[in-house]
Amino acid sequence: MGEQLFITLLSLCFAPVVSVVILVLVLASLGKSLGIRRRYVRLLLQVFEFGKEKISRYNKNKQNGDDSDEEDANENTKTLCENGNGLNVIERDISISYSKGIRIQSISTDINDVKKKFDLSDIMYFAKCGVETIIEDDVTQRFSAEELPSWNLLSRTSYGYHYISLRLTIIWGLGFLARYFVLLPFRLILAVLGIGWLIVCTAFIGYLPAGKFKRELNQYVSLMCFRILSRACSAIVTFHNSENKAKNGICVANHTSPIDVIVLSCDNCYALVGQAQGGLLGVLQRAMARATAHIWFERSEVKDRHLVTKRLKEHVDDLDKLPMLIFPEGTCINNTSVMMFKKGSFEVGTTIYPVAIKYDHRFGDAFWNSSKQGMIQHLLNIMTSWAVVCDVWYLPPMSKLDGEDAVEFANRVKSEIARKGGLVDLEWDGQLKRAKVKDSWKEKPQEEYSKMLKVD
């Protein structure tokens, strides 16, 4: 009896699910949308606002029952979260850039106005700076999830909020069921179909003779497959200034997650560069390489900077090849800042097309912390989030100025991306999360302090 009931329910669900999947595939193939995802996001915002009001009322009632000291503490915490979005826990009296115990004082006034004689108490100031940096620095906080201004009803960011109200508990429970038992299976189906179709189509295109037809067919298939994959995480991407889209040369962007490639490839076709992988990722790399020119390096070749630059130059010099997509940070950052760009892609001597990507973290955390999460876990978190909502800005193409070296050019491009995306522009190397600090950086605070001392 139970088995027959299960078969009946399955047969009833099969036709609607298949119909929806086919509709999504057709719309993705045509690059069209019915606007359902955007209505879904607007509904989520209304639900988030309801939750925010409930939590605010709960916190207010809780404060009224506490003593004055606790009220002051709660008020200070609230102010801190409003001013710093929960990122900064220390209020400093001067502007300082710092990293892993290194503090470099940035004095806006004339250095002669602050010169002083050495005093033994100066040691306490540097000890204070060191303790502050251990508690909080500009590097390590860029590799943790961005703080939310209000709860987004995801259990992994709840802090127990779903227990403060019966209605909020019901909404959270319904959302949990929807994400894991409706959206996740549907998204997994689209992901499997999108990856399978990409492998089959690129393998077929690989057998076609080189020419205009092969390039145009590959571009159509690439856009279609990546649009299907974007729907596998309910991605809603708003592209700005499309007239600046790269047609050749090198396209550089800030890096938050592996899905950055999917997001950008929904609107344009790119050639990719990276290390050759094994497993499913390796199958994808080989399939894509048959259809068009990508650059995959063996592990032994990655550190050969001259070889990398040579192959990049050979690629961009051929105007028939797709623009090369590169993430110069070399690691994923939590989408609050842009860190140091590696200079390799800026040494090629070609036009650079900057792109700024900014995710809306209210609907889910797109950041991949590779030191704590595997690729599968990260993608599962993405697919069990509400949606992936982001803005992409195409910036005007940039070229190296006369007398400008690769590092200066990279910093100029980085600053433009940070400004357009509303991100913090940092000079630190993102690899500091894995590597030790260079001795030259440790000497900088000593040099700054020595400039402040009066010498008789």
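**Entry 1: strand 9**

I began with strand 9, where eight of the eight residues are buried, so the strand is largely enclosed by the rest of the structure. Buried here means under 20% relative accessible area, exposed over 50%, and partly exposed in between (1.4 Å probe, protein chains only). The model is predicted: local features need pLDDT of at least 70 and side-chain atom pairs count only at pLDDT 80 or more, whereas totals for chains, interfaces and linings use all residues. Residues are numbered from 1 along each chain as its sequence is written, and side-chain values use heavy atoms, with hydrogens and water left out. Strands (E, at least two residues) and helices (H or I, at least four) are DSSP runs, numbered from the N terminus.

I then looked up the side-chain directions. Ile352, Pro354, Ala356 and Lys358 point one way from strand 9, while Tyr353, Val355, Ile357 and Tyr359 point the other way; all are buried. In a regular strand the side chains alternate between the two faces of the sheet.

**Entry 2: the sheet**

I found strand 9 within an open sheet of seven strands, ordered 3-10-9-4-7-5-6, with mixed pairing. Strand 3 (235–240) and strand 6 (295–297) stand at the edges with a single partner strand each, so one side of each has no neighbour in the sheet. From one strand to the next the twist averages 25°.

I took two strands as paired if DSSP finds at least two bridges between them. Strand 9 runs antiparallel to strand 10, joined by five bridges, and Ile357 stands opposite Val392 in strand 10. With strand 4, strand 9 pairs in the parallel sense over four bridges; Ala253 has Val355 of strand 9 as its bridge partner. Strand 4 (residues 250–253) also pairs in the parallel sense with strand 7 (residues 324–326), over three bridges, and Ile250 is matched there with Met324.

**Entry 3: helix 11**

I noted that helix 11 (residues 406–421) lies across strand 4, strand 9 and strand 10, at about 35° to strand 9. Such angles run from 0 to 180 degrees between N-to-C directions, with axes fitted to C-alpha atoms, for helices over the stretch in contact. Contact means heavy atoms within 4.5 Å.

**Entry 4: Phe50**

I located Phe50 in helix 2 (residues 36–64). At 22% relative accessibility, Phe50 counts as partly exposed. Leaving aside residues up to four places away in sequence, Phe50 touches Arg167, Leu168 and Ile171. Phe50 and Arg167 are 117 residues apart in sequence, and 10.0 Å apart from C-alpha to C-alpha.
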